[in-house]
Amino acid sequence: RSLWLRHTERRQRVRMVNLTINNKKVQVPEGTTILAAAAQVGIKIPTLCYLKEINEIASCRICVVEIEGKETLVASCNTVVEEGMVVYTNSYKAQHARRMNVQFILSEHDAHCTSCVKSGNCSLQTVANELNIGEVPFEEHYEVNEWPQDFPLIRNASKCIKCMRCVQICEKVQGLGIWDMINTGKRTSVGVSGRKKITESDCAVCGQCITHCPVGALYERDDIDPFMNAVHDPEKIVVVQIAPAVRAAWGEGLDLPREMATEKRLAAAVRALGVDYVCDTNFSADLTIMEEGNEFLERMTHADQYSWPMFTSCCPGWVRFVKSQYPDMTKNLSTAKSPQQMFGAVAKSYYAQILDVDPSRIFSVSIMPCVAKKHECEIPGMDDAGAGPDVDLSLTTRELDRVL
């Protein structure tokens, strides 16, 4: 009863606000934005830069709405509701401004959609289609940048719409601040903070900026061609390992219902590409546990010779983060390889013996949920099997869906 009373008192303390959106009566808690209030009654307001509690800066101006009694339009993503407010999300004035703003953005965006990795899953493309924008009445001009194409993370400045999502997600969530706004005026752009090269930065290659980019300005290096070249090479025996997280997510990019996106269908689909053997990274995760357990016992036996605690190091993005942000803790990292690398080493040694083939014929591929795994494959010294890198290349879940 005491808990119920406190809950009731808390609800009574929350002041409710009444307003009208597109002739619909709405009641929401005080402090709610117009965007959230509209969503509560099923009214969709398009957005590009908005990212709840991360990026609410209203820079794209796509979510503008008209408020009765106000001459200027307001951004719904960061405008709080007021008592008696009357809002029109799709008035002529709001729709005209929204179309104009999207056309301005498109005039500085390389709209070669057919060759873009985000085609079909691009927020700008979706909004432009919804607003029936078939042409851009302004002179088109977009930025061009130089970027190391062998780095796991690629940035194409000609696609960037300066929404700031990458800047905010890296700063507020990952805590690295790799991206920042550079230059001023019409030359304003997004770049690596401190005007560094990406290879000189502390980027953990976590891929969060890729995930939250609404367009194709950020994406992982595409390794599908070398993968398929190996598949079609009669001298190569392609062995693929699949991470547990991929099994849970691979169907999303193909719009498969959960009941259809099973791990057996995933294995069958990868085999249908021409892959010789499909394996589960769970196996080498068990190997990693055994190796780290033995290492832990060794450290415990000689506790005074080691730093504590001992950290597991299966995630290469986390390892990069520790090395760049907390270098004094590097000695706490386990020296055991990650499951990905252990599997690659086993594939090119033990598995090659089982198949009775030269280890150099084994082409080891991992399908992983993390862009940093691409970086891990290329770390010098990852070739214990003596037949080239333990893992020849790594594909992300998005790449898997594209190749399927």
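Helices and strands here are DSSP runs, numbered from the N terminus, and they serve as landmarks in what follows. The model is a predicted one.

A good place to start is helix H5, which spans residues 165-174. Its buried residues are Arg165, Cys166, Val167, Gln168, Ile169 and Cys170. The cover over these residues includes two strands, S7 (179-182) and S8 (189-192), along with helix H6 (208-212) and strand S9. Right after H5 comes Gly175, with a positive phi of about 70°.

Helix H9 (residues 263-272) can be read in a similar way. Leu266, Ala269 and Val270 are its buried residues. Looking down the axis of H9, these buried residues fall within an arc of 95°, so they line one face of the helix. The face turned away from that buried side carries Lys264 and Ala272, both exposed. As for the cover over the buried residues of H9, it includes strands S10 (237-242), S11 (277-280) and S12 (362-368), plus helices H8 (244-249) and H15 (397-403). Just past the end of H9, Gly274 has a positive phi of about 115°.

Next comes a pair of packed helices. Two packed helices are described by the angle between their axes and the distance between the axes. For helix H10 (residues 282-301) and helix H12 (residues 339-347), the axes come within 8 Å and cross at roughly 105°. That makes H10 roughly perpendicular to H12. On the H10 side, the meeting residues are Phe283, Ser284, Ala285, Leu287, Thr288 and Glu291, and on the H12 side they are Pro339, Met342, Phe343 and Val346. Sorted by character, the residues of this contact come out as 7 nonpolar, 2 polar and 1 charged.

Charged side chains pair up elsewhere too, with 14 salt bridges found in the whole structure. In one of them, Arg15 and Glu30 bring their closest N and O atoms to 3.3 Å. This pair links distant parts of the chain, 15 residues apart: Arg15 sits in the loop between helix H1 (2-13) and strand S1 (16-21), while Glu30 sits in the loop between strand S2 (24-29) and helix H2 (34-40). Arg15 counts as partly exposed, at 43% relative accessibility. Setting aside neighbours within four places in sequence, Arg15 is in contact with Val28, Pro29, Glu30 and Glu83. Gly177, by contrast, is 162 residues from Arg15 in sequence and 37 Å from it in space, C-alpha to C-alpha.

Another salt bridge joins Arg398 and Glu220, at 3.2 Å from N to O. Since Arg398 lies in helix H15 and Glu220 in strand S9 (residues 218-220), the pair ties together parts that are 178 residues apart in sequence. Arg398 is partly exposed, with a relative accessible area of 34%, whereas Glu220 is buried at 2%.

A salt bridge within a single helix turns up in H14 (residues 372-377), where Lys373 and Glu376 lie 3 residues apart, about one turn of the helix. The closest N and O atoms of Lys373 and Glu376 are 3.5 Å apart. An α-helix has 3.6 residues a turn, so residues three or four places apart point the same way. Both partners are tucked away: Lys373 counts as buried at 8% relative accessibility, and Glu376 counts as buried at 4%. Salt bridges also link up into a network, made of Arg221, Asp223, Lys374, Glu378 and Glu399.

Last, a few backbone oddities. Most residues other than glycine have a negative phi, and most peptide bonds are trans. Ala58 is not a glycine, yet it has a positive phi of about 55°. Ala58 is in the loop between H2 and strand S3 (64-67) and counts as buried, at 7% relative accessibility. Asp356 also has a positive phi, near 55°, and is found in the loop between helix H13 (350-355) and S12. Asp356 is exposed, with a relative accessible area of 68%. Finally, Trp308 and Pro309 are joined by a cis peptide bond, with omega at about 0°. Pro309 belongs to the loop between H10 and helix H11 (316-325).

Note on methods. Residues are numbered from 1 along each chain as its sequence is written. This is a predicted model: local features need pLDDT of at least 70, side-chain atom pairs count only at pLDDT 80 or more; totals for chains, interfaces and linings use all residues. Side-chain values use heavy atoms; hydrogens and water are left out. Buried means under 20% relative accessible area, exposed over 50%, partly exposed in between (1.4 Å probe, protein chains only). Helices (H or I, at least four residues) and strands (E, at least two) are DSSP runs, numbered from the N terminus. The arc is that of the directions from the helix axis to the C-beta atoms. Contact means heavy atoms within 4.5 Å. Axes are lines fitted to C-alpha atoms, for helices over the stretch in contact, and angles run from 0 to 180 degrees between N-to-C directions. Angles under 35 degrees count as roughly parallel, over 145 as roughly antiparallel, 65 to 115 as roughly perpendicular and the rest as oblique. Ala, Val, Leu, Ile, Met, Phe, Trp, Tyr, Cys and Pro count as nonpolar, Asp, Glu, Lys and Arg as charged, and the others, Gly among them, as polar. A salt bridge is a side-chain nitrogen of Lys or Arg within 4 Å of a carboxyl oxygen of Asp or Glu.
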